[in-house]
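Thank you all for coming; I would like to take a few minutes to walk through one model with you. Please have the sequence and the structure open while I talk.

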Amino acid sequence: MNKKDLERFKNIILGKKEEVIKNLEYLRSTILDSTTREATGDHSAYSFHMADQGTDNMEREKAFLFAARDEKYLKQLDMALERIENGTYGICRVCRKEIDHKRLEAVPTTTICFDCKVAESGR
């Protein structure tokens with residue numbers, strides 16, 4: 001892969017990383033806001049009805065799950081940036097051939113080409 005292509009994919013990854021970080025900040029503030037409110041005993045934003053409390057707990061749990069998913073994706077983005085730096089980005093870890101640019105545009109964190117992924121999924 002040439003330097004121009006690597007730079008383009010680096011910019012794509014950095015853009016996705018920025019989006020994920022913003023989303024994580026929002027999720028963390030949402031989670032912290034609700035847990036702080038509960039810890040201080042301020043339930044004015046919450047109903048005392050059990051069904052409403054269950055919904056609030058479910059929403060908080062979803063926020064935790066989304067944050068965990070985003071943190072995992074952030075690590076994958078960082079690893080892709082490392083592969084760009086060490087010259088292994090865009091090389092299939094199975095067959096060692098270059099991964100198609102369209103696949104990298106769709107899944108910039110991938111380490112496996114389409115054909116190898118299909119073969120892997122068919123096992």
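I will begin with the chain as a whole and then turn to a handful of residues.

What you have in front of you is a predicted model, so before anything else I should say how confident the predictor was, since pLDDT is its confidence in each residue on a scale from 0 to 100. The chain averages a pLDDT of 86, and 80% of the residues score at least 70. Among the elements of the chain, the lowest mean pLDDT, 85, belongs to α1, while the highest, 96, belongs to α3.

As for the overall architecture, the chain has four helices and zero strands, and along the sequence they give the pattern α-α-α-α. The chain is 123 residues in length, and 27% of these count as buried. The exposed area comes to about 8,500 Å², of which carbon and sulfur atoms supply 55%. If we take the contacts with a separation of 6 or more, 61% of them are between residues 24 or more positions apart.

Let me now go to the start of the chain. Asn2 lies in the segment before α1, the helix that covers 3–39, and with a relative accessible area of 42% Asn2 is partly exposed. The side chain of Asn2 reaches the backbone nitrogen of Asp5, at 2.7 Å.

A little further on we come to Leu6, which has its place in helix α1. Is Leu6 buried or exposed? Its relative accessibility is 18%, and Leu6 counts as buried because the cut-off for that word is under 20%. Not counting residues up to four places away in sequence, Leu6 touches Met1, Ile84 and Tyr89. The C-alpha atoms of Leu6 and Leu81, which are 75 residues apart along the chain, are separated by 9.8 Å.

Tyr89 brings me to the aromatic residues, where the count comes to one aromatic pair. That pair is formed by Phe9 and Tyr89, and it is tilted, with 5.8 Å centre to centre and 50° between the planes. The pair links distant parts of the chain, with Phe9 in helix α1 and Tyr89 in the loop between α2 (50–86) and α3 (101–106), 80 residues apart. Both partners are buried: the relative accessible area is 0% for Phe9 and 3% for Tyr89. Phe9 has a further partner to look at, in that the charged end of Arg8 sits over the ring of Phe9, 4.6 Å from its centre.

In the loop between α2 and α3 we also find Arg96. Its phi is near 70°, a positive value in a residue other than glycine, and at 56% relative accessibility Arg96 counts as exposed.

The last residue on my list is Thr110, found in the loop between α3 and α4, the latter covering 114–121. Thr110 is buried, with a relative accessible area of 7%. Which residues is Thr110 in contact with, once we leave aside its neighbours within four places in sequence? They are Arg83, Ile99, Arg103 and Leu104. Within its own loop region, the side chain of Thr110 reaches the backbone oxygen of Ile112, at 3.0 Å.

Definitions and conventions. Residues numbered from 1 in each chain as written. Heavy atoms only, no water. Helix = DSSP H or I, 4+ residues; strand = E, 2+ residues; numbered from the N terminus. Buried < 20%, exposed > 50% of the residue type's maximum accessible area, 1.4 Å probe, protein only. Polar contact = N/O pair within 3.5 Å; in protein donor to acceptor, adjacent residues only side chain to side chain. Contact = heavy atoms within 4.5 Å. Areas by Shrake-Rupley, 256 points an atom, 1.4 Å probe, with all protein chains shown as cover. Phe/Tyr/Trp six-rings, centres within 6.5 Å; stacked < 30°, edge-to-face > 60°. Lys NZ or Arg CZ within 6 Å of the ring centre and 35° of its normal.
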